[in-house]
Amino acid sequence: MLQPELNFRRDKIRNLMVSQGIDAALITCSANLIYTYGCVVSGYLYLSLHYPALLFFKRPNNIMGEHSFLIRKPEQIVDILKDQGLPLPAKLMLEGDELSHTEYCRLASLFPEAEIVNGTPLIRQARSVKTAIEIEMFRRSGNAHAKAYEQIPRIYRSGMTDIEFSIEIERLMRLQGSLGIFRVFGRSMEIFMGSVLTGDNACYPSPYDSALGGQGLDPALPGGANKTLLKEGQSVMVDLGGNFNGYMCDMSRVFSIGKLSEEAYSAHQTCLDIQERITSIAKPGVICETLYDIALEMATKAGFADKFMGMGQQAKFVGHGIGLELNEAPVFAPRMKQELEAGMAFALEPKIVIPGVGPVGIENSWVVTNNGVEKLTDCNEEIIELS
């Protein structure tokens, strides 16, 4: 990562720190280290307001640089700060929503005279508006994602189960360059590469905060494909994450085994209409809740309110921010008063489940521009019949 880009990102965080009277941050979680240092290390980035950022690292042990210090344990950090002639902070922020209680307390104890605050919301706020380089990373990821999806019809074979189909698509993704790991924020969110849902498995409730659920293969990871046979007259929704360079694009496409019911095609068109409507008005200053309300109103008017974003257990959002993690700000949901800003990136995913058929709908990734939005994942959005 180029140093000017890292400096720009760090200054975004510093500006927010100033607004809250915070003197320094100690950053150690992977996504935040990628954002502020450019890669994952086992260690800590000490970000103060008026001095260069310092890296305290344990592994790998081959890092070189004027502001890099090899340590065995975090207790060495304070002595190094003093040796460098740096003042200790009066107010320090830690990643309170991401660290374990034990690690949070250990790091806080390094600075007994300082006021310790949770810096996770501040860092997530800084990350929510992407830089020009981050947006270009999204474009590259979106292109690779679309290229993999375009090859899906050729790997289908009659008699496949959903998991067999998923494995072949995962192979396409990996061959296209997918890193195979998808970072999510929050202890209650887990994901492998995404989900492939067919038939009534799409109605199966999941403990995860996702648009649709699925039973999964085992209670240890209860979501997604469950060895359902791909049958004539059923839909198949492919929703695999697109991490090709650290930035998570999100995209869903629908396939069919033979022809579907007219209700399914009507529901799919409703989702396309919702996407078109929302992306036509999304721009800086638009409130996230407004976009959710529009989607729900259109689904209700079309007669799909009880099937929109799931059945029985319905997701209460229609879009979510994307970035170094798959669930960032902003979120298109009730009571979300946040306004869109140029540079925000989000996935919009209006989906409907038809009993006996399966899921239909669409998901694409977008970035907010000065005047509207730019699509990042561009490939066929119609229901594609597999043969």
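This passage walks through the overall build of the protein, then a helix, some strands, the salt bridges and a surface patch.

The structure is a predicted model, and the overall picture comes first. The protein has 387 residues, and its radius of gyration is 22 Å; a compact globule with that many residues would come out near 21 Å, so the two agree. Taken along the principal axes, the C-alpha atoms fill a box of roughly 70 × 40 × 35 Å. Secondary structure adds up to 10 helices and 19 strands. Burial covers 56% of the 387 residues. The accessible surface amounts to about 16,700 Å², with carbon and sulfur atoms contributing 50% of that. As for how the chain meets itself, take the contacts between residues at least 6 apart in sequence: 66% of these join residues at least 24 apart.

Helix α2, spanning residues 30–37, is a good place to look inside. It is mostly covered, with 7 of its 8 residues buried. Those buried residues are A31, N32, L33, I34, Y35, T36 and Y37. The cover is provided by several elements, and both helices and strands take part: among them are α1, α5 (120–128) and α6 (132–150), along with β1 (24–27), β2 (42–48) and β3 (54–59). An α-helix makes a turn every 3.6 residues, so residues three or four places apart point the same way. Right after α2 comes G38, which has a positive phi near 100°.

Strand β5 (residues 91–94) is covered on both of its faces. In a regular strand, side chains alternate between the two faces of the sheet. Here K91 and M93 sit on one side, L92 and L94 on the other, and all four are buried. β5 also has strand partners to report. It runs parallel to β1, with 2 bridges joining the two, and A25 has M93 of β5 as its bridge partner. β5 also pairs with β6 (residues 115–118), again in the parallel sense, over 4 bridges. In that pairing, L92 has I116 of β6 as its bridge partner. Thus M93 and L92, both buried residues of β5, take part in bridges to β1 and to β6, respectively.

Further along the chain, S365 lies in strand β17 (residues 364–368). S365 has a relative accessible area of 0%, so it counts as buried. Leaving aside residues up to four places away in sequence, S365 touches C249, D250, I322, F346 and A347, as well as E374, K375, L376 and T377.

Charged pairs come next. Side chains of opposite charge can pair when their charged atoms come close, and a search of the whole structure turns up 18 salt bridges. One of them joins R127 to E328, with 2.5 Å between the closest N and O atoms. This pair ties together distant parts of the chain: R127 belongs to helix α5 and E328 to strand β13 (residues 328–332), and the two are 201 residues apart. Neither end is on show. R127 has a relative accessible area of 2% and is therefore buried, and E328, at 4% relative accessibility, is buried as well.

A second salt bridge runs between K307 and E263, whose closest N and O atoms are 4.0 Å apart. Distant parts of the chain are linked here too, since K307 is in the loop between α10 (288–301) and β12 (319–321), E263 is in helix α9 (residues 262–281), and 44 residues separate them. The two ends are covered to unlike degrees: K307, with a relative accessible area of 12%, is buried, while E263, at 35%, is partly exposed.

K351 and E349 make another salt bridge, the closest N and O atoms being 2.9 Å apart. Both K351 and E349 are buried. Elsewhere, salt bridges with shared partners join R124, R127, K130, E325 and E328 into one network.

Finally, the surface. M1, L2 and I133 together form a nonpolar patch there, with about 290 Å² of accessible area between them. L2 is in the segment before α1 (3–19). Its relative accessibility is 61%, and the cut-off for exposed is over 50%, so L2 counts as exposed.

Note on methods
Residues are numbered from 1 along each chain as its sequence is written. This is a predicted model: local features need pLDDT of at least 70, side-chain atom pairs count only at pLDDT 80 or more; totals for chains, interfaces and linings use all residues. Side-chain values use heavy atoms; hydrogens and water are left out. Patches are made of residues with over 30% relative accessible area and no salt bridge: like charges are joined within 9 Å, nonpolar side chains (Val, Leu, Ile, Met, Phe, Trp, Tyr) within 5 Å. Accessible areas come from the Shrake-Rupley method with a 1.4 Å probe; for residues, only the protein chains shown count as cover. A salt bridge is a side-chain nitrogen of Lys or Arg within 4 Å of a carboxyl oxygen of Asp or Glu. Buried means under 20% relative accessible area, exposed over 50%, partly exposed in between (1.4 Å probe, protein chains only). Contact means heavy atoms within 4.5 Å. The radius of gyration is taken over C-alpha atoms; the globule rule is 2.2 Å times the number of residues to the power 0.38. Two strands pair if DSSP finds at least two bridges between them.
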